Amino acid sequence: MPRRSPSHGCCWRAPKFSLACEWKNMALIPYDDTHLWGMQKLHKPSSEYSFANHTIQIKQNWKQLGVAAVVWDAAVVLCTYLETGDVDLRGRSVIELGAGTGLLGIVVALLGAQVTITDKEASLAFLKSNVQANLPAEAQSRAVVKELTWGQNLMNFSAGEYDFILGADIVYLEETFPALLQTLDHLCTDHTVILLACRMRYKRDQNFLRMLRGIFSVQEVHYDTGNDIHIFKAQRNDRKGEL
């Protein structure tokens, strides 16, 4: 059964939004009564969090980079799960897909992992600035920012190199599902654990889970009731052991 928790240790909670997107022109559409408050938060230049005994100040840039440059609930929930759950990241090799602001990768490095933090080329300068500003000198070497567009140039990433693959709120554009699955399949070996945090907004999100189950053994390991965020664990085989 997945663990459930009502809330998480951060300074603000991103509102519930739906993303009605075309690949080249993303539009953010609020679907609840708090959307005006939520938009104000998204347009704030920064947001602050506390993880791994560190205060993390994340820059945001909605106007320039849109959804890639704001912190979403799923990232905060997955950070909290990794910090307070049974996942020991010390000395492990981790890659984050679709990192956006870099909050998740920063927390993973602070928890002792060697992490490769990836996103598209257009986001890398912004992403790298957050990573460099928030990691102390002794942790800087544990985080590397690299370009990764799903399904492209995967030979630049060694198959089986990673113990964990992480993604927070990266399942929302149906046209990207095949490339995302191809990327996960390339990066995984039998020992690799995938952890995906997402809000199940639409039927297409369920479709992604069905596609994921066609390649991996998938189980829900956590559900955050306060934010309506699910965390799914996927592995190439049926092992159910400790992370």
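Buried, in these exercises, means under 20% relative accessible area, exposed means over 50%, and partly exposed lies in between. The structure is a predicted model, and every exercise below refers to that model.

**Exercise 1. Cysteines**

Task: Determine whether Cys188 and Cys79 are buried or exposed, and state how many disulfides the structure holds.

Solution: Begin with Cys188, whose relative accessibility is 6%; because buried means under 20%, Cys188 counts as buried. Continue with Cys79, which has a relative accessible area of 0% and is therefore buried. For the last step, recall that a disulfide is a covalent bond between the sulfur atoms of two cysteines. The structure holds 0 disulfides.

**Exercise 2. The chain as a whole**

Task: State how many helices and strands the chain contains, what percentage of its residues count as buried, and what percentage of the contacts between residues at least 6 apart in sequence join residues at least 24 apart.

Solution: The chain contains 7 helices and 12 strands. Turning to accessibility, 53% of the 243 residues count as buried. Finally, if one takes the contacts between residues at least 6 apart in sequence, 68% of them join residues at least 24 apart.

**Exercise 3. Two helices**

Task: Describe how α6 and α7 are placed with respect to each other, and which residues meet between them.

Solution: Two packed helices are described by the angle between their axes and the distance between the axes. Helix α6 covers residues 177–187 and helix α7 covers residues 203–213, and their axes come within 11 Å while crossing at roughly 30°. The crossing in which α6 passes α7 is right-handed. On the α6 side the residues are Phe177, Pro178, Leu180, Leu181 and Leu184, and these meet Arg204, Phe208, Met211 and Leu212 in α7. Sorted by character, the residues of this contact of α6 with α7 comprise 8 nonpolar, no polar and 1 charged.

**Exercise 4. Residues in strands**

Task: For Ser47, Ala143 and Phe164, identify the strand in which each residue lies and work out whether it is buried or exposed.

Solution: Ser47 lies in strand β4, which spans residues 46–51, and with 2% relative accessibility it counts as buried. The side chain of Ser47 also makes a polar contact, at 3.1 Å, with the side chain of Tyr49.

Ala143 belongs to strand β8, residues 143–147, and because its relative accessibility is 14%, it counts as buried. With neighbours within four places in sequence left aside, Ala143 is in contact with Ala109, Gln114, Val115, Ile117, Val131 and Leu135. The C-alpha atom of Ala143 is separated by 9.0 Å from that of Gln132, a residue 11 residues apart from it along the chain.

Phe164 is located in strand β9, and at 0% relative accessibility Phe164 counts as buried. Between the C-alpha atoms of Phe164 and Ala113, which are 51 residues apart along the chain, the separation is 9.8 Å.

**Exercise 5. Positive phi in loops**

Task: Give the phi values of Asn53 and Asn153, locate the loop that holds each residue, and classify their accessibility.

Solution: Asn53 is not a glycine, yet it has a positive phi of about 60°. Asn53 sits in the loop between β4 and β5, and its relative accessible area of 82% is why Asn53 is exposed. Asn153, likewise not a glycine, has a positive phi of about 50°. The loop that holds Asn153 runs between β8 and β9, and at 45% relative accessibility Asn153 counts as partly exposed.

Conventions. Residues numbered from 1 in each chain as written. Predicted model: local features only at pLDDT ≥ 70, side-chain atom pairs only at ≥ 80, totals over all residues. Heavy atoms only, no water. Helix = DSSP H or I, 4+ residues; strand = E, 2+ residues; numbered from the N terminus. Buried < 20%, exposed > 50% of the residue type's maximum accessible area, 1.4 Å probe, protein only. Polar contact = N/O pair within 3.5 Å; in protein donor to acceptor, adjacent residues only side chain to side chain. Disulfide = S-S within 2.5 Å. Axes fitted to C-alpha atoms, helices over the stretch in contact; angles between N-to-C directions. Left-handed = near helix turned anticlockwise from the far one by under 90°. Contact = heavy atoms within 4.5 Å. Nonpolar A, V, L, I, M, F, W, Y, C, P; charged D, E, K, R; others polar.
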